[in-house]
Amino acid sequence: MKIMWTYIVAGLTIFGLMLLVGIGLRASQAGWLPIDPGTFYSLLSLHGVGMITAMAIAGLGLLWYLVDRDIQLDARLAMLAFVFFALGVLAVIVSVIFGHYGALWTMLYPLPFVGTTWPSWATGLWLIGVALVMLGFMLICAQLLGAILRQYGGLGSALGIDYVFHRKRFEAAGKHPPSPQILAATVVSIDGLIGGASGLLVGIAMIAHWLDPHVVIDPLWAKNLTYQFGHTFANLTMYMAVAGIYVALPICTKRAYHSSVPLVVACWGTLVFVIIAYFHHLYMDFVQWPAVQYIGEISSYLAAVPVVVVTVFGGLMLIHRSGMKWTLGSTFFFAGMVGWIVGGSAAILDATIPFNVDLHNTLWVPAHFHTYLLEGVLLFILGWVFVSLEQRADSSSNAFVRWIVGLGIFGGGALFLIPFYIAGAAGVPRRYATEPAPGPFWAGVATLGALLVLVGVLAALVEGIRLARAPAVRAAE
Amino acid sequence: MNRRNIGFVVIALTALAALVPFVDRHAELPIWQHHLLHAALMAGGGIAGILVSARPRSTSGGSAFWLLPATIAPLLAMLAMWPSAYGYFEMHPIGHAIEHFTLIALAFTATASAECYAAGLGWIVGGAMIFMAVAAARGFGVTFGNGS
């Protein structure tokens with residue numbers, strides 16, 4: 001429990017700070033807040049890497065706890081990984097606030113080194129900070145995977161291969177397939193180690209170039225590795241948080257969420273295709289081998305669609321006629337599934353090559369990942385937090401609080417996200433401090449939406465503190 | 001011959017291969033070929049690490065802190081493959097051989113540590129490490145017509 005709350009509280013704290021930065025950035029694009037372009041790109045760098053890291057830290061805390069319920073894990077290693085995360089975040093903040101690093105989270109070679117307006121040490125500190133975060137992430141992934149391998153006696157059993165191909169014999173032997181949350185942890189840990197290896201390699205190459213400019217780097221190679229890591233890391237935050245659905249919805253509905261053959265096979269799809277879906281970020285890199293463009297498109301569908309369909313269908317079947325009480329916790333989970341579908345659909349639309357020709361690097365891209373993170377990953381994490389607190393206090397929020405939080409986070413969220421989609425469809429480019437029309441108008445609307453999100457988040461924070469301070473009636477799940 | 005002994009044979013053969021710089025003293029290999037040869041040495045060290053430390057899957061694993069060397073050793077191995085140092089090593093076979101032994105030792109440490117935590121994990125950590133070493137050949141210290 002201590003590890004879970006340490007990670008979740010740290011992740012949500014970073015999220016809150018990055019939310020404020022994000023509101024400032026949108027207000028600046030609307031022309032409401034004067035921020036010079038250099039500072040804008042520094043803050044955009046911080047916002048991008050900070051939000052993903054925040055969701056990953058909170059998601060890992062949740063996933064670690066869910067695995068620890070089934071297989072005892074050593075909390076000291078999780079705390080050591082947390083130290084890596086904390087040092088990494090600190091290094092990144094210093095590089096941006098004091099060094100004004102501004103080559104964005106993608107740090108695409110050679111941008112952090114050529115024609116920069118910030119000192120060299122800021123680039124180095126940024127790279128070291130990101131590498132520390134990756135190390136923390138890989139430590140947790142290795143711990144989860146190792147524990148699962150120990151428990152199940154090998155990868156085949158952990159992935160439910162016997163269960164799928166020899167089901168009668170498997171069930172006759174009295175065996176049970178891995179639980180859905182263990183499947184999610186297996187996918188996250190394996191893909192996390194592969195993505196982390198890519199990230200560390202390109203990170204070391206960049207650090208080597210920073211220390212010794214004679215070390216050249218192939219830019220296309222660096223871009224492939226950066227996106228292989230970055231896309232995988234960002235995508236996996238969802239699967240960390242989704243594990244919460246498999247445990248929390250049964251608590252809310254008093255029904256069990258079982259592993260099934262479709263769920264196991266869908267997880268295999270995610271395991272294989274998440275790590276190669278990143279090619280959809282390189283559609284405009286025409287020197288790439290053309291086949292990988294098609295691999296990127298097909299993988300984007302196969303990584304997401306099966307597991308979303310099976311999980312959401314299973315979740316809805318659990319809720320249907322269950323008499324579930326619509327508390328903040330259960331509402332967050334339900335709304336999170338909606339956000340997952342909307343953000344995921346927008347993502348695979350953008351990953352479809354004929355659409356990508358028009359949408360590539362427009363505001364459509366941040367539209368989909370803001371939907372995915374704000375109205376998907378974040379809601380699953382908040383859902384888990386509130387289900388835990390409601391269980392512990394045997395209490396739930398009143399209708400007024402639910403409406404304030406709902407209007408803020410869901411209503412304000414929609415008002416914040418829709419302008420991204422409209423401006424993206426109109427061809428407004430992403431990552432511009434000064435946007436062409438109609439960008440500034442929609443940035444203004446989005447700023448109002450983001451302020452409403454802030455109100456909802458603050459209301460949820462106050463309510464969360466109230467529930468946490470209430471006397472414990474029973475141990476939380 | 002049991003797995004442990006096979007592991008010792010593999011490490012002995014890999015160590016012999018690490019002495020190649022004394023045989024072919026002035027070979028001027030392109031950096032990408034250097035990386036691939038180093039990947040092969042690391043594969044030898046990694047496989048030996050797994051075989052030497054392997055235990056039955058049914059036994060419980062060791063301390064979680066075995067994961068620290070398992071995670072850090074591949075990172076150090078990539079640093080040991082610093083491309084601009086290859087020119088120096090081609091002229092100094094003793095240094096070159098020491099570099100090879102360092103890579104083998106780091107690969108051995110990574111997989112053996114992972115295997116000590118959980119049976120089977122060494123293959124995954126080793127696979128990720130070899131992926132890094134092979135992938136390095138495409139762009140770490142090398143460009144293929146995509147500028148610098």
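A residue counts as buried here when its relative accessible area is under 20%. Keep that cut-off in mind as you click around this predicted model.

**Stop 1: the loop between α3 and α4 of chain A**

Select A:Met107, in the loop between α3 and α4 of chain A. With a relative accessibility of 7%, A:Met107 falls under the 20% limit and so counts as buried. Now look at the backbone: phi of A:Met107 is near 40 degrees, which is positive in a residue that isn't glycine. Most residues other than glycine have a negative phi, and most peptide bonds are trans.

Stay in this loop and pick A:Pro110, which sits between α3 (75-97) and α4 (120-152). The peptide bond leading into A:Pro110 from A:Tyr109 is cis, with omega near 10 degrees.

**Stop 2: two more backbone spots in chain A**

Jump to A:Asp394, in the loop between α14 (364-393) and α15. Phi is positive here too, about 50 degrees, and A:Asp394 is not a glycine.

Next, go to A:Pro438, in the loop that runs from α15 (399-425) to α16 (439-469). Show the backbone and you'll find a cis peptide bond between A:Ala437 and A:Pro438, with omega about 0 degrees.

**Stop 3: salt bridges**

How many salt bridges are there over all chains? The count is six, and three of them are worth a click.

Start with A:Arg26 and A:Glu435, whose side chains form a salt bridge at 3.7 Å, N to O. This pair connects distant parts of the chain: A:Arg26 belongs to helix α1 and A:Glu435 to the loop between α15 and α16, 409 residues apart. Are these two buried or exposed? A:Arg26 has a relative accessibility of 4%, so it counts as buried. A:Glu435, at 7%, counts as buried as well.

Then select A:Asp285 and A:Lys223, a salt bridge with its closest N and O atoms 2.8 Å apart. A:Asp285 is in the loop between α10 (261-273) and α11 (290-319), while A:Lys223 is in helix α9 (residues 219-253), so the bridge ties together parts that are 62 residues apart in sequence. Both A:Asp285 and A:Lys223 are buried.

For the third, pick A:Asp74 and A:Arg76, whose side chains meet at 2.8 Å, N to O. A:Arg76 has 53% relative accessibility and counts as exposed.

**Stop 4: the largest pocket**

Switch on a surface view and center on A:Leu12, A:Leu382, A:Val457, A:Ala460 and A:Leu461. Of the 22 residues lining the largest pocket, these are the closest to its centre. The pocket holds about 520 Å³ of space.

Which helices build the lining? α1 (2-29), α14 and α16 of chain A each give at least two residues, and α1(A) has the largest share, with nine. Color the lining by class and you get 19 nonpolar residues, three polar ones and no charged ones.

**Stop 5: a cavity lined by both chains**

The whole structure has three cavities of 30 Å³ or more. The second largest has a volume of about 110 Å³, and its lining draws on both chains. On the chain A side, select A:Met138, A:Ala142, A:Leu193 and A:Leu200. From chain B, add residues including B:Ala70, B:Thr71, B:Pro74, B:Ile124 and B:Met132.

Helices that give two or more residues to this lining are α4 and α8 (180-211) of chain A plus α4 (67-80) and α7 of chain B. α7(B) gives the most, five residues. By class, the lining has eleven nonpolar residues, one polar and no charged.

**Stop 6: the outside of chain B**

Move to the surface of chain B and look for a nonpolar patch of about 1,100 Å². Its members include B:Met1, B:Ile6, B:Leu13, B:Phe22, B:Ile94 and B:Phe101. α1 (3-17), α2 (20-23) and α6 (93-117) each supply at least two residues, and α1(B) gives the most, with four. Zoom in on B:Phe22, in helix α2; at 39% relative accessibility, B:Phe22 counts as partly exposed.

Finish at B:Thr143, in the segment after α7 (121-136) of chain B. B:Thr143 is partly exposed, with a relative accessible area of 30%. Draw a distance to B:Thr111, 32 residues away along the chain: the C-alpha atoms are separated by 30 Å.

Key:
Residues numbered from 1 in each chain as written. Chains lettered and ligands numbered in written order. Predicted model: local features only at pLDDT ≥ 70, side-chain atom pairs only at ≥ 80, totals over all residues. Heavy atoms only, no water. Buried < 20%, exposed > 50% of the residue type's maximum accessible area, 1.4 Å probe, protein only. Patch = residues over 30% accessible without salt bridge, like charges linked within 9 Å, V, L, I, M, F, W, Y side chains within 5 Å. Areas by Shrake-Rupley, 256 points an atom, 1.4 Å probe, with all protein chains shown as cover. Salt bridge = Lys/Arg side-chain N within 4 Å of Asp/Glu carboxyl O. 1 Å grid on protein atoms, 1.4 Å probe; cavity = no way out; pocket = protein on both sides within 12 Å on 5 of 7 lines; lining within 4 Å. Points joined across faces, edges and corners; volume = space filled by probe spheres on them. Nonpolar A, V, L, I, M, F, W, Y, C, P; charged D, E, K, R; others polar.
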